[in-house]
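I wanted to go through this model at the bench computer and jot down what I found. Here are my notes, in the order I looked things up.

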Amino acid sequence: MKKVTLTLGMLTALASTHVLAVDQINAVHAFPPSLIYTQSFLEFVDKVNERGEGVVQINVRGGPEVIGLSEQPDAVRNGVVDMAYTAASFYAGTVPERDAMVASNTNAIYARENGGIDLLNQIHQEKWAPIIWVGSIAGSATTSTPLTSLVWTKKAI
């Protein structure tokens with residue numbers, strides 16, 4: 001009887017314990033790891049994983065050797081991966097407004113403050129997929145550079 005009571009007590013304790021699952025985000029990057037663009041993205045991933053420990057984890061699955069450059073935007077849209085660090089040029093036919101990002105000399109801070117990022121998110125969601133623009137990373141991990149390479153995800157982080 002003691003054994004049954006002890007077992008039931010342990011099961012009750014385990015059942016009442018709340019276990020929070022870590023949100024796993026599978027990501028790909030468009031360029032080889034040796035390029036500064038990819039290195040900046042991988043630094044971003046490291047920071048998110050460090051600061052989001054126990055809450056969110058970005059798992060980088062690789063680059064163009066895993067999913068081809070031009071296939072990555074559709075891989076996000078179709079749920080093959082949750083996040084892609086890619087260039088807007090790879091989906092120009094679907095969202096021609098992306099030229100505003102490519103031709104812009106505006107930085108991410110200014111674009112966010114003035115509603116540009118919200119507008120781009122809205123356009124992308126209407127024309128392409130229910131995705132969220134996370135940020136842009138250019139030659140370094142700063143946000144003062146023009147909007148060039150982009151990080152998109154279907155999951156909010």
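The entries below go from confidence to strands, then rings, then helices.

**Ground rules.** This is a predicted model, where local features need pLDDT of at least 70, side-chain atom pairs count only at pLDDT 80 or more, and totals for chains, interfaces and linings use all residues. I number residues from 1 along each chain as its sequence is written, and side-chain values use heavy atoms, with hydrogens and water left out.

**Confidence.** I began with pLDDT, the predictor's confidence in each residue, from 0 to 100. The chain has a mean of 74, and 68% of its residues reach 70 or more. I then asked where confidence is lowest and where it is highest. Helix α1 (residues 2-16) is at the bottom with a mean of 43, and strand β2 (residues 56-62) is at the top with 94. My helices (H or I, at least four residues) and strands (E, at least two) are DSSP runs, numbered from the N terminus. Over residues 1-17 pLDDT stays under 50, and the model has zero contacts there beyond four places in sequence. Residues 139-148 are also below 50 in pLDDT, but that stretch has 30 contacts beyond near neighbours in sequence. Contact here means heavy atoms within 4.5 Å.

**Strand β3.** Next I checked burial: buried means under 20% relative accessible area, exposed over 50%, and partly exposed in between (1.4 Å probe, protein chains only). Five of the five residues of β3 (residues 83-87) are buried, so this strand is largely enclosed by the rest of the structure. Met83, Tyr85 and Ala87 point one way, while Ala84 and Thr86 point the other way. Strand β1 (residues 23-29) runs parallel to β3, and three bridges join them; strands pair if DSSP finds at least two bridges between them. I found Ala27 opposite Met83 in β3.

**His29.** This residue lies in β1. Is His29 buried or exposed? It counts as buried because its relative accessibility is 3%. Leaving aside neighbours within four places in sequence, I see His29 in contact with residues including Thr38, Phe41, Val60, Gln72 and Tyr85.

**Rings.** I used this rule: rings of Phe, Tyr and Trp (its six-membered ring) pair if their centres lie within 6.5 Å, with planes under 30 degrees apart stacked, over 60 edge-to-face and the rest tilted. That gives four aromatic pairs. One of them is Phe31 with Tyr37, tilted, at 6.0 Å centre to centre and 50° between the planes. Phe31 counts as buried at 17% relative accessibility, whereas Tyr37 is partly exposed at 35%. Both belong to one aromatic cluster with Phe41, Phe44 and Tyr85.

**Helix α2.** Residues 36-51 make up α2, 16 residues reaching 22 Å from first C-alpha to last, close to the 22 Å expected at 1.5 Å a residue. The expected span is 1.5 Å times one less than the number of residues. Its buried residues are Thr38, Ser40, Phe41, Val45, Val48 and Asn49.

**Helix α6.** I ended on α6 (residues 116-127), whose buried residues are Ile117, Leu120, Asn121, Ile123 and His124. Seen down the axis, these fall within an arc of 165°, so they line one face of the helix; the arc is that of the directions from the helix axis to the C-beta atoms. Asp118 and Glu126 are exposed on the other side. Ile117 counts as buried at 2% relative accessibility. Its C-alpha is 9.8 Å from that of Met101, 16 residues apart along the chain.
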